[in-house]
Amino acid sequence: MTPTVTINKADLMAPPVVESLQTRSMFIGLVGAAATVAGAFLAPNDFFSAYLTAFMAALSLSLGCMSILMLYHLVGGKWGTVIRRILEAGMMTLPLMAALFIPILFNLPRLYEWARPEELAKNVKLADLAHSYLNASGIGVRYAIYFVLWLLMAFLLNRWSTAQDSEQARNQSTLKFRAVSAVGLVIYSLSFSFAIIDWVMSLQARWISTIYGLIYIAGAALSTYCFAVITETIRGKAKPMSGYLKSTEVHDHGKFMLAFVMVWAYFNFSQWLIIWSGNLPDEIPWFLRRINGGWGYVAMSLVVFHFAVPFALLLSQRLKKQTSTLVRVAALLIFMRIVDIFWHIEPAQSLHHDTFHISWTLFASLAGIGGLWMAFFFRNLRARPLLAVYAPQTLRLLEPSHE
């Protein structure tokens with residue numbers, strides 16, 4: 001039987017600091033957007049790979065929020081109840097991401113060799129691939145399908161969650177959340193994998209990896225837990241989060257971070273091992289581009305700071321309960337996620353650079369896309385109570401016995 005709990009919605013609204021963060025994020029986003037537009041004209045050879053890097057980092061976080069939210073609806077747990085509205089606010093940035101992909105959609109030849117007629121004329125295999133799958137019309141249709149599916153799932157989950165802020169939802173079943181989440185996780189895994197093939201793996205169209213999509217799925221989940229730890233810590237210093245965010249939930253989030261650090265490392269090592277053992281000429285160049293010309297130092301930094309150091313630190317149960325230290329590890333991992341995506345994308349642009357190269361357009365794109373993403377996120381977070389007020393999980397969380 002669901003316990004009777006008296007709830008005041010006003011007590012669960014976001015603290016004033018969230019509005020301040022939204023304003024600052026919007027300012028950074030607008031300044032960064034202006035610099036990004038300038039970069040498109042002043043440094044077009046550098047701009048589009050930088051823009052794709054920033055876009056994929058933000059999209060991974062949006063989709064990661066949706067996937068972890070669906071996982072929570074399937075398995076439950078207090079770990080997800082306290083960050084549910086964080087996940088929903090992040091998920092509902094997907095309309096922004098749909099709009100931000102349009103510059104890429106209209107400038108495909110700037111990024112992809114299969115979109116350049118001169119490259120197709122020189123390579124018959126590439127021309128066949130472009131004719132059958134990788135072409136502008138196919139990319140456009142699949143882009144529409146991906147975002148329609150993602151937005152539909154996000155809309156349903158968000159709409160039903162909003163309904164749980166009404167007292168009429170006190171005794172409503174959560175089966176519809178589970179039904180959509182069960183199907184949605186399958187759709188998400190397939191659609192995101194195909195989107196990664198279209199938008200990232202096809203940068204070197206003749207290179208194929210069957211595990212490539214899983215690397216990004218694991219990275220998206222890791223980014224989401226890291227972001228949740230940082231966000232809940234900012235909110236945890238003020239009411240209402242300070243009243244119900246306990247060390248047990250923070251510890252759980254730290255354990256999820258450790259799990260996905262290991263999953264990300266496992267998928268990457270598996271991909272490397274299979275390609276190394278196969279020794280195939282079409283596959284080896286992908287790694288050669290990313291370990292020569294200075295890129296090897298970036299690869300080594302990923303091994304050390306994306307896996308070894310976080311893995312060693314997160315093994316400590318005591319550290320995972322220390323919020324300040326866990327936030328530092330989360331911030332490091334988010335930074336390394338951006339480095340990892342940059343390492344995947346930038347070396348493919350050998351048309352312009354054969355050695356390690358980083359352009360100011362990358363920082364402009366990160367500021368523009370990241371600032372706008374954060375502004376939309378904080379706007380979404382402020383729009384509703386920080387807990388789904390009359391959801392059964394919330395009612396249990398707010399019991400006096402919760403510690």
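In which helix is the place of Leu-94? In this predicted model, Leu-94 is found in helix α5, which spans residues 94-100. The residue is buried, because its relative accessibility is 0% and the cut-off for burial is under 20%. Its contacts, leaving out residues up to four places away in sequence, are Leu-59, Ser-62, Leu-63, Met-66, Phe-147, Trp-150, Leu-151 and Ala-154. One of these partners, Leu-63, is 31 residues from Leu-94 in sequence. In space, the two C-alpha atoms are 7.8 Å apart.

Several residues touched by Leu-94 recur where helix α2 meets helix α9. Helix α2 covers residues 44-75, and helix α9 covers residues 136-163. Their axes are 11 Å apart, and the helices pack at an angle of about 45°. The two helices are therefore oblique to each other. The crossing of α2 past α9 is left-handed. From α2, the contact takes in Phe-55, Leu-59, Leu-63, Met-66, Leu-69, Met-70 and His-73. From α9, Phe-147, Trp-150, Met-153, Ala-154 and Leu-157 take part. By class, this contact has 11 nonpolar residues, one polar residue and no charged residues.

Helix α2 also packs against helix α18, which runs through residues 360-382. The axes of α2 and α18 come within 8 Å and cross at roughly 30°. With angles under 35 degrees counted as roughly parallel, α2 is therefore roughly parallel to α18. Here α2 passes α18 in a right-handed crossing. The α2 side consists of Asp-46, Phe-47, Ala-50, Tyr-51, Thr-53, Ala-54, Phe-55, Ala-58, Leu-61 and Ser-62. The α18 side consists of Thr-361, Leu-362, Ser-365, Leu-366, Ile-369 and Trp-373. These residues divide into 11 nonpolar, four polar and one charged. Phe-55 is named in the contact with α18 and also in the contact with α9.

A second helix meets α18. Helix α4 holds residues 84-91, and its axis comes within 8 Å of the axis of α18. The axes cross at roughly 130°. That angle makes α4 oblique to α18. The crossing of α4 past α18 is right-handed. Arg-85, Ile-86, Ala-89 and Gly-90 of α4 make the contact with Trp-373, Phe-377, Asn-380 and Leu-381 of α18. Five of these residues are nonpolar, two are polar and one is charged. Trp-373 of α18 takes part in the contact with α4 and also in the contact with α2.

The chain then leaves α18. Pro-385 sits in the loop between α18 and α19, the latter being residues 392-397. Pro-385 counts as buried, at 7% relative accessibility. Its contacts, not counting residues up to four places away in sequence, are Lys-9, Leu-12, Met-13, Arg-85 and Asp-165. Arg-85 is also named in the contact of α4 with α18. Pro-385 and Leu-12 are 373 residues apart in sequence, yet their C-alpha atoms are 4.9 Å apart in space.

Which residues touch the most other members of the largest nonpolar core? They are Phe-55, Met-56, Trp-150, Trp-199 and Met-257, in a core of 125 residues. Helix α2 gives the most to this core, with 19 residues. In soluble globular proteins, nonpolar side chains tend to be buried together. Met-257 touches Leu-222, Tyr-225, Cys-226, Val-229, Leu-314, Leu-326, Val-329, Ala-330 and Leu-333, with residues up to four places away in sequence left out. Trp-150 is among the residues touched by Leu-94, and it also belongs to the contact of α2 with α9.

Two polar or charged positions complete the picture. Ser-223 lies in helix α11, residues 212-236. Is this serine buried or exposed? Ser-223 is buried, with a relative accessible area of 10%. Apart from neighbours within four places in sequence, Ser-223 is in contact with Leu-61, Ile-334 and Arg-337. Leu-61 appears on the α2 side of the contact with α18 as well. Lys-125 lies in helix α8, residues 124-132. In contrast to Ser-223, which is buried, Lys-125 is exposed, with a relative accessible area of 66%. Its C-alpha atom is separated by 31 Å from that of Ala-98, which is 27 residues away along the chain.

Terms used:
Residues are numbered from 1 along each chain as its sequence is written. This is a predicted model: local features need pLDDT of at least 70, side-chain atom pairs count only at pLDDT 80 or more; totals for chains, interfaces and linings use all residues. Side-chain values use heavy atoms; hydrogens and water are left out. A nonpolar core is a set of buried Ala, Val, Leu, Ile, Met, Phe, Trp, Tyr and Cys residues joined through side-chain atoms within 4.5 Å. Buried means under 20% relative accessible area, exposed over 50%, partly exposed in between (1.4 Å probe, protein chains only). Helices (H or I, at least four residues) and strands (E, at least two) are DSSP runs, numbered from the N terminus. Contact means heavy atoms within 4.5 Å. Axes are lines fitted to C-alpha atoms, for helices over the stretch in contact, and angles run from 0 to 180 degrees between N-to-C directions. Angles under 35 degrees count as roughly parallel, over 145 as roughly antiparallel, 65 to 115 as roughly perpendicular and the rest as oblique. A crossing is left-handed if the near helix is turned anticlockwise from the far one by less than a right angle, and right-handed if clockwise. Ala, Val, Leu, Ile, Met, Phe, Trp, Tyr, Cys and Pro count as nonpolar, Asp, Glu, Lys and Arg as charged, and the others, Gly among them, as polar.
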